[in-house]
Amino acid sequence: MTSLWQYYKKNISPSFCLFVILLVIFIHKGDAQTAKFSYEQRDNCSPARIIFVNESSTGPGITYEWNFGNGTISYSSETVLEEIYTDPGSYDVVLKVIEGVDTAVATAPVIIFRGPVAGFSVNQTKGCVPFEVSFQNTSVLGNAPVNTIFWDFRDGFSSVSDSPHHTYHETGNFDVYMQITDNNGCTDYTETKGLITVYPEPVISFSASDTHACDPPLAVNFINNSVAEVGLQYHWNFGNGNTSDAYNASTIYNTVGIFDVTLSCDNEIGCVSSLTKKSYIAVGKMFGQIYAMQGDSIIDDEGAILCPGLTHFSSTHQGSSDYTWHIHYNDKDIIQQGQEFTYNLTDSGRIEIKLVYGQNTACPDSTTISFRVDHINADFEMDSSYSCRLPATLNLSDRSENAVYRKWILPDNTEDTAMNIFYTINHTLSYKEIYSHEVNRLHFPVIHVAASGSGCRDTVQKDFHAILPVARFMPDRVSGCIPLEVTFNDSSHSVETIDKWTYLINNTSFNQPSGEPFIHNFTEPGRFEVLLVIENEYGCKDTSYPVIIQTGNTLNPDFTISPEVICPGDNILLIDNTMLKDSIDFRHFTSPELFTTTSGNSTLSVQVFPAATGYKSVQLEVDYNGCISDTIIQQAFYLNPPAGSFYEVVSCDSPLEYDFFPDIQMASSLEWTINDSVIYDNDSIRFCFPSSGDYLVTLKAYNTGTSCLVSTNKTIKVREVSAGFTGDQVVCYGDSAYFNAALSKDYVTECFSEGFLWDFKDYTPPRRTYKTRFAHLFPDTGTYVAELVVRADNGCEDTIRKEVQVIRPDAQFNTDVDKGCTSGLTVHFTNTSVNEFPVTWEWIFGDNTSDNSSAPTISHNYESEAPGVFWAGLRVKDVYGCENDHYIPVSLAGPDVTFNADDNFICAGNQVNFTASYAGLDSFLWDFGDGVTSSVAHSHVYNEPGFYDVSLTASKDGCHRSSIKTHYISVEKADAIYSLNDSIFDCYPASVIFSHNPSSNVV
């Protein structure tokens, strides 16, 4: 009778593979036919795909009736059937095998779980960077609790959380992807296209028509130059108690003072920004004081003492557009520009400072101050700055100038206040310095601090250097058999010339006349400590660290082995019988292809696992202080059969089916253990594993003649690799497409092995990775193929491909005009875009206005007080959330009518020169405010006292503009005659006498 195993071995086929891997159901067996089937459940959750395999009796006259339990009845005679279960639940599957009046029945339960339904909500979808969004999980659970919830925010960041908070730091439109997985392995995902829109933070900017006036009132027009992608509400705070919500605003400053101006903005989506210009408006003459800063000290008293060194000078005046410093310091005159400056004070004496501010404004002024500069210079003498030995004693003498106090800070951080001191440097070499192979270059800083009577300090540092010689040598060998000749090569270093070398071998001295190699012959076994002492021409010495030389005698190794005959897997006992074995440092036992072992013990037990039977040799090597001796015993012991192992063969086309072949010598019987199944046979084995996993396969071979048993096992990595991924099928050009290969099975996961190979067929190189998630940026629009190759750790691969479409809507338009005057320009825009998918569009006019009209042609009027360029654009968005835009410049021209006067506070009869930009002007006209105008002259003489308004009107390319400055020129008329007794003095303070000399024309 043929056994079950013998039958399947001789009639091996894929049906046997299914017998092993799938669930097999036997319910009823008739006399003429048998009903049985197996199935593989590909999915746990609805919709679930299940593969049924009919393994019932076959033959003429036999019919089959399948009842899948979900309302589907099939009479198919196919061996393999597939059924999709769309609803969750428990189903009884019944197969009837009918032959005439006989019926056999097989049944099995099928359980399909309800999976979760992914869903989420957000608290807001639009905002400016940084934009924080709260995501709320609203998923509906299935039959099992949630295992993981994965979020991809499509900005390069992801999260595994129930309801995360995420902050977007980049502008743009972002999809949001959410995937939920429960404990049954059921997965669902949702992705919202273009859900999050992040705008750039508004850029706030403004300017003013005028920022200075000597006397109130000052009327100022503020021009808003801010830029934002969405409409904003603006709020002005002029610093004078007045505010405005207009786009461009005006105010009048009626009091003297310095005023901050703030422009802030906000909109309905929460974008907020502001800009404050400190001390932007100045009305009236400025008041303030000059001060000096040394370190953290502020010095602002007239005649105060400054110490030598870098000194920072500034003032408390604010709001001026220009500052000029006139410095007189010890016969040196210096001019500096700017609100502050730094100067190095080097000599004692006096520094006089005058600050002139507001020269380019209507109300210039000045202020003065003077300081006295002290003198201090720290210095000292050190009798020696170098030595090649430690300790070293230094004689330190103070040589400071103008010092009433001094302090020494010494290398060991101790301090001393005496004028002259002796100091000894003691230094313990560190481990690194001791074992350095270069000279030890050490430096020790000595710091001297000196202070003057006024408290000024100065510091000087000088370094003492110690460069110590280093004794070093290297032997050509450190152990061996006697007689052992060793050559010692000197590698010592010293800044000075080395003139003495002494080698110490176990305290016996050997003098060398030079640094040539020293050769010594060791004739006795033992352990020898070798040192080198060097001395340089300055008498400085150093001793090397010790080097150990070991010497030994040749021995006569001897050993025994027991037992002399063993089975595979048995232990043999190795016993070292060498004379003087207590002197042996270690021993090596070696048997070719069996074992190599090292031990300090004279007795050693070794387990033997041979690949072949027969006599085996063993070699012994012994080491005595580096002197090696050996011996070998041929046919030291005999290994009885059987011996060997087995190997396996697998095809990636049938990854669950393995063929196992024994490689055993002289076995009487074989016993295989595969996946807990025991199989007795002498032939090769074909086995189908039930699923992927790691399985232990064991082969036991027995020889009846020797009664020896050999057992060998391997872990077989069975892998049924399958490629699968989810990802974007439509992606916007310029956005990354995101893919997730988590649907793949049996990919490499150990040690970051890269089991995924992505290839997008777009001329970018394929990319191998170990991560399931992958992002790719396609170079252009079009249809691409995303290919994923998944590799298992047994070398098998699987490939899947999906198409990805990269799209970008078209945004095009034209205009009838794109240039005009600041007085006003109407532009007609015509949409010329052509798009495959339905789109919406937004007209952006560049002046903080927009229009969502779908009309093919629209009009817009541009008005601006200042010339400028407005970037008008059309932004198009399709049904997939993909965007594109197109912009052109619209220019408003107008002549530049800004101007200044070289002096606006003059005496009657003086001339004022006006400057303006005349580049490209077609015409201009000055009105000097006293009834005189000019289209040629840029200068004017005012003969009468009073305040005069000045205006400039100009035209360019047909565009006209005017600018007026009220009370810009102040003219006074007076006569004064005086004299003074002296104007040049050498000392401070000094008195000056002014004398009034009236004349007949004084009014």
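Mentor: Before we look at the surface, a patch here is built from residues that have over 30% relative accessible area and no salt bridge, where like charges are joined within 9 Å and nonpolar side chains (Val, Leu, Ile, Met, Phe, Trp, Tyr) within 5 Å. A salt bridge is a side-chain nitrogen of Lys or Arg within 4 Å of a carboxyl oxygen of Asp or Glu, and accessible areas come from the Shrake-Rupley method with a 1.4 Å probe, with only the protein chains shown counting as cover for residues.
Mentor: This is a predicted model, in which local features need pLDDT of at least 70 and side-chain atom pairs count only at pLDDT 80 or more, while totals for chains, interfaces and linings use all residues. Residues are numbered from 1 along each chain as its sequence is written, and side-chain values use heavy atoms, leaving out hydrogens and water.

Trainee: OK, which residues make the nonpolar surface patch?
Mentor: Tyr431, Ile434 and Tyr435 make it, and it covers about 340 Å².

Trainee: Where does isoleucine 434 lie?
Mentor: Isoleucine 434 is in helix α3, residues 431-434, where helices (H or I, at least four residues) and strands (E, at least two) are DSSP runs numbered from the N terminus. Its relative accessibility is 36%, so it counts as partly exposed, the class between buried (under 20% relative accessible area) and exposed (over 50%), with a 1.4 Å probe and protein chains only.

Trainee: Zooming out, how many helices and strands does the protein have?
Mentor: The secondary structure comes to 3 helices and 91 strands. The protein is more spread out than a compact globule, because its radius of gyration is 50 Å, well over the 30 Å that the globule rule gives for 1003 residues; that radius is taken over C-alpha atoms, and the rule is 2.2 Å times the number of residues to the power 0.38.

Trainee: And what box do the C-alpha atoms fill?
Mentor: Taken along the principal axes, roughly 155 × 105 × 45 Å, and 41% of the 1003 residues count as buried.

Trainee: New topic: how many aromatic pairs are there?
Mentor: The count comes to 67 aromatic pairs, where rings of Phe, Tyr and Trp (its six-membered ring) pair if their centres lie within 6.5 Å, with planes under 30 degrees apart counting as stacked, over 60 as edge-to-face and the rest as tilted. One of them is the tilted pair of tyrosine 253 and phenylalanine 259, at 4.8 Å centre to centre with 45° between the planes.

Trainee: Is tyrosine 253 buried or exposed?
Mentor: Tyrosine 253 counts as buried at 1% relative accessibility, and phenylalanine 259 is buried too, at 8%.
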